[in-house]
Amino acid sequence: MHTVSRLIVVVLFEGVDLLDVTGPPEVFSLARRETDEAADYDVVLAAETMDPVTTGAGVRVLPDVTFDELSARSIDTLIVPGAVEMDGRRGVHPRIDPAVVDRVRRLAGRTRRVTSVCVGAHILAAAGLLDGKRATTHWSTAQRLAADHPAVEVDADPIFIREGDVWTGAGISACLDLSLALVADDLGEAVALRVARQLVMYLKRPSGQSQFSVPLEQVSTTRRVEDLRHHILRHLAEPLTVADLAACAHVSDRQLTRIFKNELGTTPHAYIESVRVEAARRQLESTDATLERVASTCGFGTVDTLVRAFRRRLDTTPTEYRRRFRTGASAPGQAVPPGSVGARRRRPRGSGGRRLR
């Protein structure tokens with residue numbers, strides 16, 4: 001195998017999330033090991049000075065180089081991790097240092113591809129690198145990213161998104177998924193799958209995999225909406241029309257729609273569909289239920305409706321999802337099933353391309 005040297009630069013700054021920094025280098029190191037070092041990744045941690053950087057976890061990290069020392073080098077991949085601050089109400093806010101933003105902007109000009117991990121997307125956006133692009137970040141700061149940068153198409157659902165030579169990742173652990181996708185882009189999915197096995201990742205999640213489950217979303221602030229949410233879960237197999245929910249809450253249809261928009265940031269129909277998709281995901285992961293049974297018990301009615309919801313929400317099909325993520329029904333010691341590990345961009349409706357079956 002022909003060796004191609006690739007300089008991977010991880011940006012360091014005070015308060016940076018530790019796993020954002022350490023996760024990607026581990027993936028690239030394993031890629032070298034799995035290819036007998038034919039994957040010549042040179043991973044360096046770069047900071048303003050050579051002084052130790054204190055991460056958000058309190059662990060100090062030593063830089064390998066300064067930003068100035070990189071001025072004459074061509075960078076293959078720039079990885080921008082994130083940092084957060086907590087307010088008095090336990091709200092999460094991205095930490096954005098203008099000096100770091102300026103360094104990232106200048107480094108990106110000499111970089112083949114730029115990536116962000118978790119809330120590092122806010123730094124890329126502040127540097128103008130996400131304008132006109134679709135991007136993701138941690139779900140807790142996605143609304144802030146969209147509000148601060150209207151030129152960015154923020155999608156809080158996928159674990160990572162590729163837009164040309166710019167990649168953005170979601171939660172902290174998703175840095176492994178993003179890094180594996182970068183390895184697959186460089187060396188092929190066979191190498192990335194070998195690395196995934198070494199990381200004891202059962203299989204590689206595709207980019208369309210949702211970064212969090214519906215029950216983990218922010219709870220509403222009123223008892224009435226909480227009661228509605230529980231009502232939906234208890235009656236998931238039933239039609240659950242807006243009129244039904246409005247009657248349950250003793251409000252008008254229009255008022256119900258306003259309540260969902262204000263409390264949950266979505267419409268009743270979209271929320272119900274998200275809950276049904278989540279329930280179907282759990283069944284596909286842990287049971288042998290037929291698609292007809294899954295569609296019926298989760299309230300989709302027909303398999304076609306189930307498939308359309310999965311395409312819309314997860315950019316995949318129920319059959320493909322089960323093949324990738326099935327756990328409870330799998331035999332012990334079953335081999336990792338084959339599957340794509342690279343980023344899969346969401347195709348516009350009506351576009352061409354291979355159909356999923």
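In the predicted model, helices α10 and α12 are roughly perpendicular to each other, because the angle between them is about 100 degrees and angles of 65 to 115 degrees fall in that class. Helix α10 spans residues 268-286 and helix α12 spans residues 303-314, and their axes lie 10 Å apart. On the α10 side, the contact is made by Ala270, Glu273, Ser274, Val277, Ala280, Arg281 and Leu284. These residues meet Leu306, Ala309, Phe310, Arg312, Arg313 and Leu314 of α12. By class, the contact comprises eight nonpolar residues, four charged residues and one polar residue.

An open sheet is formed by seven strands in the order β5-β2-β1-β6-β9-β13-β12, and its pairing is mixed. Strands of a sheet pair through backbone hydrogen bonds, in either the parallel or the antiparallel sense. The edges of the sheet are β5 (residues 65-66) and β12 (residues 160-163), each of which pairs on one side only. At the β5 edge, the neighbouring strand is β2 (residues 41-47), and the two pair in the parallel sense over two bridges. Val65 of β5 is the bridge partner of Ala46.

At the other edge, β12 pairs with β13 in the antiparallel sense, over four bridges. Within this pair, Phe160 stands opposite Gly169 of β13. The two strands form a hairpin with two residues between them, and in this hairpin Gly164 takes a positive phi near 65 degrees.

Helices α1 and α5 both contact the sheet. Helix α1 (residues 18-34) packs on the sheet and touches β1 (residues 6-11), β2 and β6 (residues 75-80). The direction of α1 makes about 160 degrees with that of β2, an angle that counts as roughly antiparallel, the class for values over 145 degrees. Helix α5 (residues 174-187) lies across β1, β2, β6, β9 (residues 111-116), β12 and β13 (residues 166-169). Relative to β9, α5 runs at about 160 degrees. The strands touched by α1, namely β1, β2 and β6, are also among those that α5 lies across.

A further strand, β10, consists of residues 134-135 and contains Arg134. Arg134 has a relative accessible area of 13% and is therefore buried, the cut-off being under 20%. The side chain of Arg134 makes a polar contact with the side chain of Asp155, at 3.0 Å.

Conventions. Residues numbered from 1 in each chain as written. Predicted model: local features only at pLDDT ≥ 70, side-chain atom pairs only at ≥ 80, totals over all residues. Heavy atoms only, no water. Axes fitted to C-alpha atoms, helices over the stretch in contact; angles between N-to-C directions. Parallel < 35°, antiparallel > 145°, perpendicular 65-115°, else oblique. Contact = heavy atoms within 4.5 Å. Nonpolar A, V, L, I, M, F, W, Y, C, P; charged D, E, K, R; others polar. Buried < 20%, exposed > 50% of the residue type's maximum accessible area, 1.4 Å probe, protein only. Polar contact = N/O pair within 3.5 Å; in protein donor to acceptor, adjacent residues only side chain to side chain. Pairing = 2+ DSSP bridges.
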